[in-house]
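Subject: The structure we talked about

Hi,

Here is the structure I promised to pass on. Have a look at it first, and then read my notes below.

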Amino acid sequence: MRIAILSCFYPYRGGIAQFNASMLLELGKAHTVRAFNFTRQYPGILFPGKTQYVTADDDAVSIESTALLDTVNPFSYVRTLKEIRKWQPDLVVMSYWMSWFAPSLGFIARHLRKSCKVVSVLHNVIPHEPKFFDAPLTRYFLSGCDGNICLCEEVADDLRRLSPGADSLTLFHPIYGHFGERIPREEACSSLGIDPGKKTLLFFGLIREYKGLDILLRAFPNLDSSYQLVVAGEPYGSFDRYQEIIDSSGCADRIHLFTHYIKDSEVKTYFSATDLVVLPYRSATQSGINAIAYHFETPMVVTDTGGLRHSVGDAGTGLVASRPEPECLLEEIARYFSDPDLRERCKAAIKAEKERLSWKSFARQLAEYSIKL
């Protein structure tokens, strides 16, 4: 098939761009694929981070793309539509994760359906921090799609509630493999300036309210001095409230902060130094951090929200805290480190999941689903 992917690609940074790059490279092994990119995702005033773009020293996967779509400029919607039509694809794939993109992607999808199939890859149907306008805008986008790929059952449930007649297939988030392999623990710890002899917990990724870093910070002082915590990721908003918790914790010397965007080339250092990844989320669908942890064969403790119970607890790749509260998180962290057999079972389960959750399988099933629509 000739497959066009309309979403964010290099030089945009972050999990969605990484996902799209991996999807394009795998689909490209069996199909003719072309990337259509944004000229502008968000106005700068709406973007809470420092920059939307990779830096010159980041070795993120560089994908050649045609940048056309400006979400703020409706004239660019028409221009993008014309260029995609001119290329004459059999299938257009659009990654969707928040309602800001619904007007632009929805307009293009509705007009493309006359000439080709349109399939969405739904990272979220309802955002983690929902607004009153999310549902109507997302319905508009979904009405332009022939089919939908959901990245977990919770996203599929949201889709059924919002658009009961929508055709869909659930394919779970594949495992990222572009971050390189583990390096020796001592080397990783030395690079980060942390003690290799301590049990190391990792909170990784963008720091946002729904991800519950404050919950983990309130739990951590109840762990003894054999533990240390690494916080790695850029804050979206002020870090002051988290710093206040750290300063009053009595164990600030065991909390190591790397509060900046973590480049792709640096990811392996953090995971190679880590014993356990902690996802204390207040809400979730699926998580790209989960996929990175699988790649580095690092078990997880997660909260019982969204698709995390299924992807971690049911799969046996980690433990699930019953509620996003400090005492529940603390219980599961302590249980993990107190049981050597449990740790080995989690690691063995991750190896099994790595075989199942490959990009090769994801791309094949996406293509087969699209052909049948």
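One cut-off to begin with, as a helix pair further down depends on it: an angle of 65 to 115 degrees counts as roughly perpendicular. Please also keep in mind that this is a predicted model.

With that cut-off in hand, turn to helix α12 (residues 326-338) and helix α13 (residues 340-356), which pack at an angle of about 95 degrees. The two helices are therefore roughly perpendicular to each other. Their axes lie 5 Å apart. On the α12 side the contact is made by R335, Y336, F337 and S338, while α13 brings in P340, L342, R343, C346 and K347. By class, the residues of this contact are five nonpolar, one polar and three charged.

Now to the sheet. Seven strands make up an open sheet with parallel pairing, and their order is β3-β2-β1-β4-β5-β6-β7. The edges are held by β3 (65-70) and β7 (168-170). Each of these two has a single partner strand, so one side of each is left without a neighbour in the sheet. On average, neighbouring strands are turned by 25 degrees against each other, direction ignored.

If you would like one strand pair to zoom in on, try β5 (residues 117-122) and β6 (residues 147-150), which run parallel and are joined by four bridges. Within this pair, L122 stands opposite C150 in β6.

Which helices pack on the sheet? One of them is α5 (residues 153-162), which touches β5, β6 and β7. The direction of α5 makes about 145 degrees with that of β6. Another is α14 (residues 359-372), which touches β4 (91-96), β5, β6 and β7. In its case the angle is taken with β5, and comes to about 140 degrees.

Finally, the cavities. How many cavities of 30 Å³ or more are there? The count comes to two. My notes cover the second largest cavity, with a volume of about 90 Å³. It is lined by 13 residues, and those nearest its centre are A17, Q18, A60, V61 and D264. Helix α1 (residues 15-27) gives the most to this lining, with three residues. Sorted by class, the lining has eight nonpolar, three polar and two charged residues.

Happy to go through any of this with you.

Best wishes

Technical notes:
Residues are numbered from 1 along each chain as its sequence is written. This is a predicted model: local features need pLDDT of at least 70, side-chain atom pairs count only at pLDDT 80 or more; totals for chains, interfaces and linings use all residues. Side-chain values use heavy atoms; hydrogens and water are left out. Two strands pair if DSSP finds at least two bridges between them. Axes are lines fitted to C-alpha atoms, for helices over the stretch in contact, and angles run from 0 to 180 degrees between N-to-C directions. Contact means heavy atoms within 4.5 Å. On a 1 Å grid over the protein atoms alone, a cavity is a set of points where a 1.4 Å probe fits but cannot get out, and a pocket is an open set with protein on both sides within 12 Å along at least five of seven lines; lining residues have an atom within 4 Å of a point. Grid points are joined across faces, edges and corners, and a volume is the space filled by probe spheres set on the points. Ala, Val, Leu, Ile, Met, Phe, Trp, Tyr, Cys and Pro count as nonpolar, Asp, Glu, Lys and Arg as charged, and the others, Gly among them, as polar. Angles under 35 degrees count as roughly parallel, over 145 as roughly antiparallel, 65 to 115 as roughly perpendicular and the rest as oblique.
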